[in-house]
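Hello,

Here is the structure I promised to pass on to you. Have a look at it first, and then read on for my notes.

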Amino acid sequence: MMKYTLTILILFIVTTSLFAQKAANPIIKGFGTIYEVEGAVNPDAEIKYKIVVDLKTLQRDKESINPGLNNVARMMNLHGLGGVKAKNLKVAVAIHGGATDVILNNEAYQKKYELDNPNLKLIDELEQAGVELYVCGQSLLARKYEQVEVNKKIKIGLSMLTVVTTYLHKGYHQMVFN
């Protein structure tokens, strides 16, 4: 019985250590937590990545961060974990549609939802990492938001369409976060 118990214990320890995963946030420190995958093909660390994100992910839970905005942080962290230096990762985000609420400053968000905007710290982290954040001006108008309600870290684009097409002509590749 002792030998059987010892064998089970050893198998448990070995199995646990094989599948243990350590959380990582190499570029965006407080958000977009990712995990290393042993033996996975990593991004090419020599490429200068230029990505424009079309972000329209609806934030159903107004108390939590927008999952699409968090995916921007995840994307950056995954590239960082894969060996890409932050200086070689240029990202622009065009926010529109269901994601538009993320761009509200805290006062406007409180007025609308009676909650603090949970996206503010993530927006700060993204901006500090060099991400250029835009809101679609057409989405602002459609939702009847005033420009003074927009977080100062967010630029107002004429539209998501013009922001994305401008970045595509600058050599950026588009990703769509629904």
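**Loop residues, and then the rest**

With 69% relative accessibility, Lys 144 is over the 50% cut-off and therefore counts as exposed. Please keep in mind throughout that this is a predicted model. Lys 144 sits in the loop between H5 and S6, and its phi is positive, at about 60°, although the residue is not a glycine.

Lys 152 belongs to the loop between helix H5 (137–142) and strand S6 (155–157) as well. Its relative accessibility is 78%, so Lys 152 counts as exposed. Along the chain, Lys 152 and Asn 105 are 47 residues apart, yet 7.6 Å is what separates their C-alpha atoms.

Another residue to look at is Glu 114, in the loop between helix H3 (106–113) and H4. Glu 114 is not a glycine either, but has a positive phi of about 60°. Is Glu 114 buried or exposed? With a relative accessible area of 73%, Glu 114 is exposed.

**The overall layout**

In total, the protein has six helices and seven strands. Starting at the N terminus, the order of the elements is α-β-β-β-α-β-α-α-β-α-β-α-β. The protein has 178 residues, of which 43% are buried. If you take the contacts with a separation of 6 or more, 71% of them are between residues 24 or more positions apart.

**A buried strand residue**

For a contrast with those loops, go to Leu 55, which is found in strand S3 (residues 49–55). Its relative accessibility is 0%, so Leu 55 counts as buried. What does Leu 55 contact, leaving aside its neighbours within four places in sequence? The partners are Asn 66, Gly 68, Leu 69, Val 93, Ala 94, Ile 95, His 96, Ala 99 and Phe 177. For Gly 68, which is 13 residues from Leu 55 in sequence, the C-alpha to C-alpha distance is 6.5 Å.

**Two helices that cross**

Leu 69, one of the partners of Leu 55, also takes us to a helix pair. Helix H2 (residues 67–81) and helix H4 (residues 120–128) have axes that come within 10 Å and cross at roughly 35°. The crossing of H2 past H4 is left-handed. On the H2 side, the contact is made by Leu 69, Asn 70, Val 72, Ala 73 and Met 76, while H4 brings Leu 122, Ile 123 and Leu 126. By class, the residues of this contact are seven nonpolar, one polar and no charged.

**A pocket with H2 in its lining**

H2 turns up again in the second largest pocket, where it gives the largest share of the lining, three residues. This pocket has a volume of about 200 Å³. Which residues line the second largest pocket? They are Tyr 35, Glu 36, Val 37, Gly 39, Ala 40, Val 41, Asn 42, Pro 43, Leu 78, His 79, Leu 81 and Gly 82. Sorted by class, the lining has seven nonpolar, four polar and one charged residues. If you open the pocket in your viewer, Tyr 35 and His 79 are among the lining residues you can select.

**To recap**

Lys 144, Lys 152 and Glu 114 are exposed, whereas Leu 55 is buried. H2 takes part both in the crossing with H4 and in the lining of the second largest pocket.

Best wishes

How values were computed
Residues are numbered from 1 along each chain as its sequence is written. This is a predicted model: local features need pLDDT of at least 70, side-chain atom pairs count only at pLDDT 80 or more; totals for chains, interfaces and linings use all residues. Side-chain values use heavy atoms; hydrogens and water are left out. Axes are lines fitted to C-alpha atoms, for helices over the stretch in contact, and angles run from 0 to 180 degrees between N-to-C directions. Helices (H or I, at least four residues) and strands (E, at least two) are DSSP runs, numbered from the N terminus. A crossing is left-handed if the near helix is turned anticlockwise from the far one by less than a right angle, and right-handed if clockwise. Contact means heavy atoms within 4.5 Å. Ala, Val, Leu, Ile, Met, Phe, Trp, Tyr, Cys and Pro count as nonpolar, Asp, Glu, Lys and Arg as charged, and the others, Gly among them, as polar. On a 1 Å grid over the protein atoms alone, a cavity is a set of points where a 1.4 Å probe fits but cannot get out, and a pocket is an open set with protein on both sides within 12 Å along at least five of seven lines; lining residues have an atom within 4 Å of a point. Grid points are joined across faces, edges and corners, and a volume is the space filled by probe spheres set on the points. Buried means under 20% relative accessible area, exposed over 50%, partly exposed in between (1.4 Å probe, protein chains only).
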